[in-house]
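Colleague: Please take a close look at the ligand surroundings in this model and walk me through them. I would like the residues, the distances and the parts of the chain they come from.

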Amino acid sequence: MENLEAARLQMALTLIFHIVFACIGMVMPFFMVISHYKWLKTKDEIYLKLTKAWQKGVAIFFVTGAVSGTALSFELGLLWPGFMEHAGPIIGMPFSLEGAAFFVEAIALGFYLYGWNKLPEKFHWFTGVIIGISGVLSGILVVAANSWMNAPSGFDYKDGVFSNIDPIKAMLNEAWFTQALHMTLAAFVATGFAVAGIHAYQIYKGRNKPLHKKAFHIAISFAAVAAILQPISGDLSAKDIAERQPAKLAALEAHYETKKGAPLYIGGIVDEEKREVNYKIEIPNALSFLAFGDFDAEVKGLNDFPIEDQPPVAIVHYAFQIMVGIGTLLALAGLLYFLSAKWKHWRVKKRFWLFFTLLTPLGFIALEAGWIVTEVGRQPWIIHNVMRTKDAVTPMPGIFYSLITYSFIYVLLTFVVSWLMIRQINALNNEE
Amino acid sequence: MMLSVVLFFLFFSLFLYVLLAGADFGAGIIELFSSRNQQEKTKKTVYRVMGPIWEANHIWIIILIVILWVAFPVYYQIFVVYLHIPITLMLLGITMRGLAFIFRHYDAVKGKSQVWYNGMFKIASVVTPFFLGMIFGGLVGGNIQLFEEGTNQSFADIYIKGWLNPFSILVGLFYVTLCGFIAANFLIGEADENNELENYRKKASVATIVLVFFGFLILGYGYWKEVAFIQDFIHNPISIIAISLSALFLIPLWMMIKRKQKTWTRVLAGFQVFFVIAAAMTVHFPHIIITSTKEFSILEGVAPNSVITSLGVALLIGGAIILPGLFHLMRSFQLIKLFKK
Ligand code: HDD
Ligand code: HEM
Ligand code: HEM
């Protein structure tokens, strides 16, 4: 395997893992403090038990998040020294603020985990709130760094020299708001449906129902709201890239020919050789409308970009279909949940709980798919229109071996963390 | 002006990482060298006193690395390219250690698997600081060969010999011992009963002796092999003063250990670390990478002013929020208990 490929795969692998831990670490604290709040208000022991169970989850995912994040912060340099040498100073602002946010989070976590019965009740609860807020802040800040790679700004670039660096402008680049909004919602959708799904399964199996029902309602309320907002935010993202990264837009729609009143493809098999899409469903003029808000707007096709500037089409297109498909399904599931507040008899049906059980992994699948759209769709650029990925990779040969080691460790880690979670849930049920 | 703020935070995070993460690594090392009965006790004591700041201790390295890449990109570039392998190994150590920490404290079932977690924890506690030490040894040891177009350097010449050599190994061992030393002195103040206290006291004495031994070994080896860093070390008055001060301060430290004086043992052990770092850093400042042919200043290719200014401001604001918080955290869980006793 070539060095560049190995480095790309390693970057993708480590980020795919980190994002799972990070999102859970970002969103679980909110569930935890809601449950904690209800315990303080109602003094219902079940809420206390739930809070403590979730607190363990937060602690576990925080450490895995921290460890995989530490590895990542080195990896950016280890794998892409050419990128970091120039980009480091420019996007340093969000990263250094992010460092501060992590720190606040770690301090608050220390207070929260060890503060039971030692700190004043309200202050203790409030440190939990701070964990959540600083977690979301750090998420937003890293995404600001990532969006800069999509919409580079805050510097002048001429003949390979970066000058006039303005770190604030780089941080507040044109893509940061849409990306950060979409990402934050995604974290709530993915974690919310996953947590709700796990508890739905326990209810489906008839185990410790009072506790799992309370847990389910807390998690799903967040998830449902976020899932309903998600398509709106996704539409904003799509309009954004239509303007700034037309090649990415063309790739994610598998749109080869430049056209006025371009149709939207749903599904379909991409033939990259013949540059066409088979077996698709076509909705006339919809792409033009979705991308530019005008049914007759012209959408530039891939054939009009130089071949060396085109991203891989099939992966990006499939990933996009998966994300949007799941996004639509989850938005409907969110609506269903709110409707079930009115038609309470649905919630007695086993099918209701089975349905939410089946949704457990979908949010995370959509989230990973979305990142693949963003990252692979940006190729061949590491910094859009400024630096190519192949120019950034480390000169050290043999990254393949590093990739093998990381793959081994991360696969192991996944199994072991899942195993730990199962043991936690079993312990919770046995205490009943 | 802002550059000094940035440099201050760079060294400040380095110091705190070496000290706080060092205490944490060291706790694992002490566990490794304790009898089975004492191992359990150490594990409990460490979790009780260090648990609340465990996460925070390990963030200093992230701050450190972010400052390096934002403000000193050229320096950072050499660091990550030529020391790629030991950095990766250190990261594996950090990963394994973090996992083992989670397992031993959060596994819902406390069963046989604990043996595995403990084993992994102890091994990773030695391996991680060892590679950290080696990385520093590699940076200043003068063994890194820069890549040159047109010569026939092998992979090993460029990417391995720079850090896999006697000097780096000695520095690695030195840092491992230093961690044990910090932890032993730190734990003395926390022991609940007498034989636990005795255990830490013994460990503290052994660590001190081994530490001094490795210190001399490094100086001796460097002098004999004419390692530039050590030659300069010996001729640099500030380094010599710092290292002599650290030797002098061993005396009150030992007195305080005898008297079981918690606060002072900690402060004095902290002094030791401070002097060692100060001695090592001033030798060549600002040249903190020494390769076989060339020395690199950390200030070479420093980021433009606008970047340094905004980084400095961010660090000042961040520091103003974080440091009081951290202080309050430590006070809530540690010093208060210390006053009570
Ligand atoms: C739960 C996860 C999830 C769900 C349900 C959706 N997305 Fe998404 N999407 C993400 C999770 C995500 C993501 C992983 O968070 C990404 C990657 C980068 C980013 O900012 O968000 C993303 C990126 C992303 C992009 C690329 C942005 C860029 O490259 O700058 C577009 C155009 C969309 N999304 C559009 C949508 C649409 C139209 C959806 C309709 C339902 C949708 N997403 C649902
Ligand atoms: C979309 C991508 C990312 C998101 C949303 C994200 C978010 C987060 C969050 C919320 C945490 C806190 C962990 C927790 O609370 O459990 C975290 C940890 C961390 N992340 Fe990421 N991250 C992303 C990518 C990255 C990248 C690319 C880097 C490397 C430069 C990175 C570096 C770190 C570090 C160093 C930590 C550990 C901090 C600590 O000790 O708490 N992250 N991340
Ligand atoms: C957590 C969510 C993320 C996932 C799943 C993800 C996924 C990927 C994938 C699949 C690639 C390989 C693309 C290719 O070579 O075809 C990649 C590359 C890369 N990503 Fe991300 N990414 C994420 C977030 C981020 C963030 C937040 C940053 C930076 C702040 C980042 C920085 C990079 C860099 C530097 C590369 C290598 C260069 C490149 O291939 O363009 N990624 N990522």
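Modeller: I will start with ligand 3, where H1(A) contributes 6 residues to the surrounding shell, the most of any element. Bear in mind throughout that this is a predicted model. The shell of ligand 3 holds 22 residues, and the closest of them are A:Arg8, A:Leu15, A:Glu375, A:Arg378 and A:Gln379. Sorted by class, these residues are 15 nonpolar, 3 polar and 4 charged.

The iron atom of ligand 3 takes a single donor from the protein, the OE atom of A:Glu375, at 2.3 Å. A:Glu375 itself belongs to helix H13 of chain A, residues 362-378. Other side chains make polar contacts with the ligand. A:Arg8 places a polar side-chain atom 2.7 Å from an oxygen atom of ligand 3, and A:Gln379 does so at 2.8 Å from an oxygen atom. With A:Asn146 the partner is a nitrogen atom of ligand 3, and the distance is 3.5 Å. Two or more residues of this shell come from each of H1, H5, H13 and strand E7 (381-383) of chain A.

H1 leads on to ligand 2, since A:His18 lies in that helix of chain A. The NE2 atom of A:His18 is the single protein donor to the iron atom of ligand 2, at 2.1 Å. A polar side-chain atom of A:His18 is also 3.0 Å from a nitrogen atom of ligand 2. Two further polar contacts involve oxygen atoms of this ligand. One runs to an N or O atom in the side chain of A:Glu105, at 2.5 Å; the other goes to a backbone N or O atom of A:Phe61, at 3.4 Å. Helices H1 (3-42), H2 (45-79), H4 (92-114) and H5 (121-150) of chain A each give two or more residues to the shell of ligand 2. H2(A) has the largest share, with 9 residues.

In total, 27 residues surround ligand 2, the closest being A:His18, A:Gly69, A:Phe102, A:Glu105 and A:Trp371. By class they comprise 18 nonpolar, 8 polar and 1 charged residues. As for location, ligand 2 sits between chains A and B.

Ligand 1 differs in what the protein gives to its iron atom. Here the protein donors are the NE2 atom of A:His182 and the SD atom of A:Met323, at 2.1 to 2.3 Å. The iron atom of ligand 1 has 6 donor atoms, and with angles of 82 to 180° among them the site is octahedral. The two protein donors join distant parts of the chain, as A:His182 is in helix H7 (residues 176-204) and A:Met323 is in helix H11 (residues 314-342) of chain A, 141 residues apart. For comparison, ideal angles for six octahedral donors are 90 or 180 degrees.

Are these two donor residues buried or exposed? A:His182 counts as buried because its relative accessibility is 18%, under the 20% cut-off. A:Met323 also counts as buried, because its relative accessibility is 17%.

The shell of ligand 1 has 21 residues, of which A:His182, A:Lys248, A:Met323, A:Leu367 and A:Thr374 come nearest. Its classes are 11 nonpolar, 9 polar and 1 charged. Besides donating to the iron atom, A:His182 has an N or O side-chain atom 2.9 Å from a nitrogen atom of ligand 1. The other polar side-chain contacts go to oxygen atoms of the ligand: A:Lys248 lies at 2.7 Å and A:Thr374 at 3.3 Å. At least two shell residues come from each of H7, helix H8 (209-244), H11 and H13 of chain A.

One loop residue completes the picture. A:Leu359 is located between helix H12 (350-358) and H13 of chain A. A:Leu359 counts as buried because its relative accessibility is 3%. Leaving aside residues up to four places away in sequence, A:Leu359 touches A:Phe193, A:Leu329, A:Leu330 and A:Ala333. Its partner A:Leu330 is 29 residues away along the chain, with 7.9 Å between the two C-alpha atoms.

Technical notes: Residues numbered from 1 in each chain as written. Chains lettered and ligands numbered in written order. Predicted model: local features only at pLDDT ≥ 70, side-chain atom pairs only at ≥ 80, totals over all residues. Heavy atoms only, no water. Near = heavy atom within 4 Å. Polar contact = N/O pair within 3.5 Å; in protein donor to acceptor, adjacent residues only side chain to side chain. Helix = DSSP H or I, 4+ residues; strand = E, 2+ residues; numbered from the N terminus. Nonpolar A, V, L, I, M, F, W, Y, C, P; charged D, E, K, R; others polar. Donors = N, O, S within 2.8 Å, 3.2 Å for Na, K, Ca; no water. Tetrahedral: all angles 85-135°; square planar, octahedral: opposite > 155°, others 65-115°. Buried < 20%, exposed > 50% of the residue type's maximum accessible area, 1.4 Å probe, protein only. Contact = heavy atoms within 4.5 Å.
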